[in-house]
Amino acid sequence: MKSNSNDSAVWFLAGAAVGAAIALLFAPQSGARTRRLIAGKAYESRESLLEHSRDLYEKSKEFADEAADMFERGKKLVQS
C-alpha cells in the first residue's frame with residue numbers, strides 16, 4: 001500500500017512530540033527551571049511569530065497597493 005506525504009508528516013510530528021516528552025522527563029534540570037526554559041522559548045517563539053506576521057502583512061499590503069496601481073494603469077491604457 002502506498003503512503004501519502006500527509007501521513008508521513010503526521011507520524012514525524014507524533015514522533016517529535018514523543019521524543020520531546022521523553023527529553024523533558026529525563027532533563028537534568030529541576031522542574032521549575034525546565035518550566036522557565038519552556039516559557040522563555042515559548043515567549044521567544046511568540047515574539048518571532050508576531051514579528052514575521054507583521055512583516056508579511058506589510059509586504060502583502062505593498063503588493064496589494066502595487067497590484068491596484070497596475071490595474072489602474074491597465075484600465076487607463078484600455079480606455080485611451
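Patches here are made of residues with over 30% relative accessible area and no salt bridge, with like charges joined within 9 Å. By that reading, the predicted model carries a negative surface patch built from Glu-51, Asp-55, Glu-58, Glu-62, Asp-65, Glu-66, Asp-69 and Glu-72. Asp-65, one of these residues, sits in helix H2, which runs over residues 31–79. At 45% relative accessibility, Asp-65 is partly exposed, because a residue needs over 50% to count as exposed and under 20% to count as buried. The value for Asp-65 also clears the 30% that patch membership asks for.

Stepping back to the whole chain, the fold is simple to list: 2 helices and 0 strands. The radius of gyration comes out at 24 Å, while the globule rule gives 12 Å for 80 residues, so the protein is more spread out than a compact globule. The box filled by the C-alpha atoms tells of the outline too, at roughly 75 × 45 × 10 Å along the principal axes. As for burial, just 1% of the 80 residues are buried. The protein exposes about 7,600 Å², and carbon and sulfur atoms supply 64% of that area.

A few C-alpha separations put some scale on this layout. Gln-79, found in helix H2, lies 60 Å from Gly-15, with their positions 64 residues apart in sequence. Gln-79 is exposed, at 61% relative accessibility. Ala-17 belongs to helix H1 and is 39 Å from Ala-64, the two being 47 residues apart along the chain. Ala-17 is partly exposed, with a relative accessibility of 47%. Ala-32, a residue of helix H2, is separated from Asp-7 by 36 Å, at 25 residues apart along the chain. With 34% relative accessibility, Ala-32 is likewise classed as partly exposed.

The surface has a nonpolar side as well. Val-18, Ile-22, Leu-25 and Phe-26 form a nonpolar patch there, and together they offer about 470 Å² of accessible area. Leu-25, one of the four, is part of helix H1, which covers residues 5–25. The relative accessible area of Leu-25 is 70%, and Leu-25 therefore counts as exposed, the cut-off being over 50%.

Now for the charges. The protein has 12 positive and 11 negative charges, and the mean positions of the two sets are 8 Å apart. Side chains of opposite charge can pair when their charged atoms come close. Under the rule used here, a side-chain nitrogen of Lys or Arg has to be within 4 Å of a carboxyl oxygen of Asp or Glu, and the count comes to 2 salt bridges.

One of the salt bridges joins Lys-41 to Glu-44, with 3.8 Å between the closest N and O atoms. That distance makes the pair a salt bridge because it falls within the 4 Å limit. Both residues lie in helix H2, 3 residues apart, or about one turn of the helix. Their exposure classes can be told from the values: Lys-41 is exposed, with a relative accessible area of 54%, whereas Glu-44 is partly exposed at 48%. The boundary at 50% therefore runs between the two partners.

Another salt bridge brings together the side chains of Arg-46 and Glu-47, at 3.0 Å from N to O. Here too the distance is within 4 Å, so the pair qualifies. Arg-46 has a relative accessibility of 49% and is partly exposed. Glu-47, with a relative accessible area of 29%, is also partly exposed. Neither residue is buried, because that label is kept for values under 20%.

Definitions and conventions. Residues are numbered from 1 along each chain as its sequence is written. Side-chain values use heavy atoms; hydrogens and water are left out. Helices (H or I, at least four residues) and strands (E, at least two) are DSSP runs, numbered from the N terminus. The radius of gyration is taken over C-alpha atoms; the globule rule is 2.2 Å times the number of residues to the power 0.38. Buried means under 20% relative accessible area, exposed over 50%, partly exposed in between (1.4 Å probe, protein chains only). Accessible areas come from the Shrake-Rupley method with a 1.4 Å probe; for residues, only the protein chains shown count as cover. Lys and Arg count as positive and Asp and Glu as negative; His and the chain ends are not counted. The place of a charge is taken as NZ of Lys, CZ of Arg, CG of Asp or CD of Glu. Patches are made of residues with over 30% relative accessible area and no salt bridge: like charges are joined within 9 Å, nonpolar side chains (Val, Leu, Ile, Met, Phe, Trp, Tyr) within 5 Å.
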